[in-house]
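Open the model in your viewer and keep the selection panel at hand. The stops below give a selection and then what is found there.

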Amino acid sequence: MKSYDIIVIGGGPAGLAAAIAAKKEGIDSILVLERDNQLGGILNQCIHNGFGLHTFKEELTGPEYASRFIDQALDLNIEYKLHTMVCDISEDKVVTTMIR
């Protein structure tokens, strides 16, 4: 069983932003768990504009916005697992997952 300082559940922009912020604060042992087959969350389906104005100072589609966070996470070598669903988190912080 591997141990991490932080496990982020969900690989959408919010989860990736949390992992990126933790990495920038010096935490190296981070794992992002995503149940889908790709990072980016629901925004991969939101093809309209309107994302990114506050964060990136430009108007982006959902996939473009998500891609910015994915690229940052990959550049920072943040570990992630796809097709992974969290089934349980015990009181002593053991995360049980199921992988397709």
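Select Glu 79 and Lys 2 in this predicted model. The two form a salt bridge, with 3.6 Å between the closest N and O atoms. The pair ties together distant parts of the chain: Glu 79 sits in strand 5 (residues 79-81), Lys 2 in the segment before strand 1, and 77 residues separate them. Lys 2 has 58% relative accessibility and is therefore counted as exposed, the cut-off being over 50%. Glu 79, with a relative accessible area of 29%, is partly exposed.

Add Lys 81 to the selection. Its side chain meets that of Glu 79 in a salt bridge, at 3.9 Å from N to O. Lys 81 is partly exposed, at 34% relative accessible area. With both bridges displayed, Lys 2, Glu 79 and Lys 81 appear as a network of salt bridges. A search of the whole structure gives four salt bridges. Side chains of opposite charge can pair when their charged atoms come close.

Which residue forms a salt bridge with Asp 28? Select Lys 23: the closest N and O atoms of this pair are 3.7 Å apart. Asp 28 is exposed, with a relative accessible area of 59%. Lys 23 has 18% relative accessibility, so it counts as buried, the limit being under 20%.

Stay on Lys 23, which belongs to helix 1 (residues 13-24). Its side chain also reaches the backbone oxygen of Leu 76, at 3.4 Å. To see its surroundings, show the residues in contact with Lys 23 beyond four places in sequence: Asp 28, Ile 30, Leu 76, Asn 77 and Ile 78.

Keep Leu 76 and add Cys 87. These residues are eleven apart along the chain, and their C-alpha atoms are separated by 27 Å. Cys 87 is in strand 6 and is partly exposed, at 46% relative accessibility. Leaving out residues up to four places away in sequence, Cys 87 touches Thr 96, Thr 97 and Met 98.

Move along strand 6 (residues 84-89) to Thr 84. Is this residue buried or exposed? Thr 84 is buried, with a relative accessible area of 3%. Outside its neighbours within four places in sequence, the contacts of Thr 84 are Leu 33, Glu 34, Arg 35, Thr 97, Met 98 and Ile 99.

Next, switch on the surface and select Ile 7, Ile 9 and Ile 89. These residues make a nonpolar surface patch of about 250 Å². Ile 7 lies in strand 1 (residues 6-9) and is partly exposed, with a relative accessible area of 31%.

Finally, clear the selection and show the whole chain as a cartoon. There are two helices and seven strands, in the order β-α-β-β-β-α-β-β-β from the N terminus. The radius of gyration is 14 Å, close to the 13 Å given by the globule rule for 100 residues, so the chain is as compact as a globular protein of that length. The C-alpha trace spans about 40 × 30 × 20 Å along its principal axes.

Of the 100 residues, 33% count as buried. Among contacts with a separation of 6 or more, 49% come from residues 24 or more positions apart. The chain exposes about 6500 Å², and carbon and sulfur atoms supply 51% of that area.

Definitions and conventions: Residues are numbered from 1 along each chain as its sequence is written. This is a predicted model: local features need pLDDT of at least 70, side-chain atom pairs count only at pLDDT 80 or more; totals for chains, interfaces and linings use all residues. Side-chain values use heavy atoms; hydrogens and water are left out. Helices (H or I, at least four residues) and strands (E, at least two) are DSSP runs, numbered from the N terminus. Buried means under 20% relative accessible area, exposed over 50%, partly exposed in between (1.4 Å probe, protein chains only). A polar contact is a pair of N or O atoms within 3.5 Å; within protein, one must be able to donate a hydrogen and the other to accept it, and residues adjacent in sequence count only if both atoms are side-chain atoms. Contact means heavy atoms within 4.5 Å. Patches are made of residues with over 30% relative accessible area and no salt bridge: like charges are joined within 9 Å, nonpolar side chains (Val, Leu, Ile, Met, Phe, Trp, Tyr) within 5 Å. Accessible areas come from the Shrake-Rupley method with a 1.4 Å probe; for residues, only the protein chains shown count as cover. The radius of gyration is taken over C-alpha atoms; the globule rule is 2.2 Å times the number of residues to the power 0.38.
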